[in-house]
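Please open the structure in the viewer and keep the selection tool at hand. The tour visits a sheet and then a pair of helices.

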Amino acid sequence: SSSSSSSSGKGQPATRQAGGGGGRGAGKMSSVGSGYDLGCNIYSPDGRVFQIDYAGKAVENSGAMIGLKCKDGVVVGVEKLVMNRLLMEGSGRRVHPVGRHAGIAFTGYVADGRAVVSAAKSEVENYDDYYGVDMPPHVLTERLGHYFHAYTTYGGYRPFGLATVVAAYDNEKGEAFLHQIDPAGTHYRYHGCATGKARQAAKTEIEKLDLSSLTVEEGLKRIAFIIHTIREEEKDKPFEFEAGWISKDTNWEFELVPRDVRLEADKWGKKRVEEMEMEDDSEDED
């Protein structure tokens, strides 16, 4: 062991493969980060924190999550992959109200998501108790961003394998806003956002939409359509379409989309994809 430590160079982690993704068969990224990926408090020579990169991979391997800011509110939808056909519908939800005026959705590790939902509820309740008003969307997002970031700065912690979107109403500005937080705690406000599996393809589809003219009901159908567009039905696991929205029709309260409305949107999205595939096939034949 003394020879291995001396050969790694003074002040540098040993290059021996060990825990946290440095073992054999852990993939290309792990072999590159070997020795520098043992904790989130270690920078690699090129300035990367590999544990945060790995948390991002956990998000990329999860179902797609899409949020849209429409003309009358905000709608979010999640492709909740069903890992076991024996699970009851609605088990392990990915979309949660965290206050009357706010809700969050997540994709990634479900257990990490539950911790973040609990933290968000506490922040909203404490803000209301202290100030007597609803927490603004940007304040909730900033506090959750700090919460995420704290788990990237200590050696005994690991980053959340999670990406989260916040949909909430701002009383002062009189409209609802959409924010996204990544595993590093970085957060931005969006007109439309996508993360999880095939996020780039989903973003490309979002950019084609005229969000300023869409209602949340129409936005819900577009989200279902995008999810079916980026899926590979032969390879991908079955999924449950989950969604939540906040709009003038909900009296600016965040609500889970009713089951019948979700199923109708999901059916519309799937049918639309099939119609487009048939059109493409007919053009190829011509």
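Begin by selecting the five strands of the open sheet in this predicted model. Their order is E8-E1-E2-E9-E10, and the pairing is antiparallel. Strands of a sheet pair through backbone hydrogen bonds, either parallel or antiparallel.

Which strands stand at the edges? They are E8, residues 192–195, and E10, residues 255–256. Each has a single partner strand, so one side of each is left without a neighbour in the sheet.

Next, select strand E1, residues 65–70, together with E8. The two run antiparallel and are joined by four bridges. Within this pair, Ile66 is found opposite Ala194 of E8.

Now add helix H7, residues 216–230, which packs on the sheet. H7 touches E1, strand E2 (73–81) and strand E9 (239–247). The direction of H7 makes about 155° with that of E9.

Leave the sheet and select helix H4, residues 110–131, and helix H5, residues 137–150. Two packed helices are described by the angle between their axes and the distance between the axes. Here the axes come within 10 Å and cross at roughly 135°; H4 and H5 are therefore oblique to each other. The crossing of H4 with H5 is right-handed.

Finally, display the side chains where these helices meet. From H4, the residues include Ala115, Val116, Glu123 and Tyr127; from H5, they include Leu140, Arg143, Tyr147 and Phe148. By class, the contact of H4 with H5 comprises 11 nonpolar and two charged residues, with no polar ones.

Note on methods: Residues are numbered from 1 along each chain as its sequence is written. This is a predicted model: local features need pLDDT of at least 70, side-chain atom pairs count only at pLDDT 80 or more; totals for chains, interfaces and linings use all residues. Side-chain values use heavy atoms; hydrogens and water are left out. Two strands pair if DSSP finds at least two bridges between them. Contact means heavy atoms within 4.5 Å. Axes are lines fitted to C-alpha atoms, for helices over the stretch in contact, and angles run from 0 to 180 degrees between N-to-C directions. Angles under 35 degrees count as roughly parallel, over 145 as roughly antiparallel, 65 to 115 as roughly perpendicular and the rest as oblique. A crossing is left-handed if the near helix is turned anticlockwise from the far one by less than a right angle, and right-handed if clockwise. Ala, Val, Leu, Ile, Met, Phe, Trp, Tyr, Cys and Pro count as nonpolar, Asp, Glu, Lys and Arg as charged, and the others, Gly among them, as polar.
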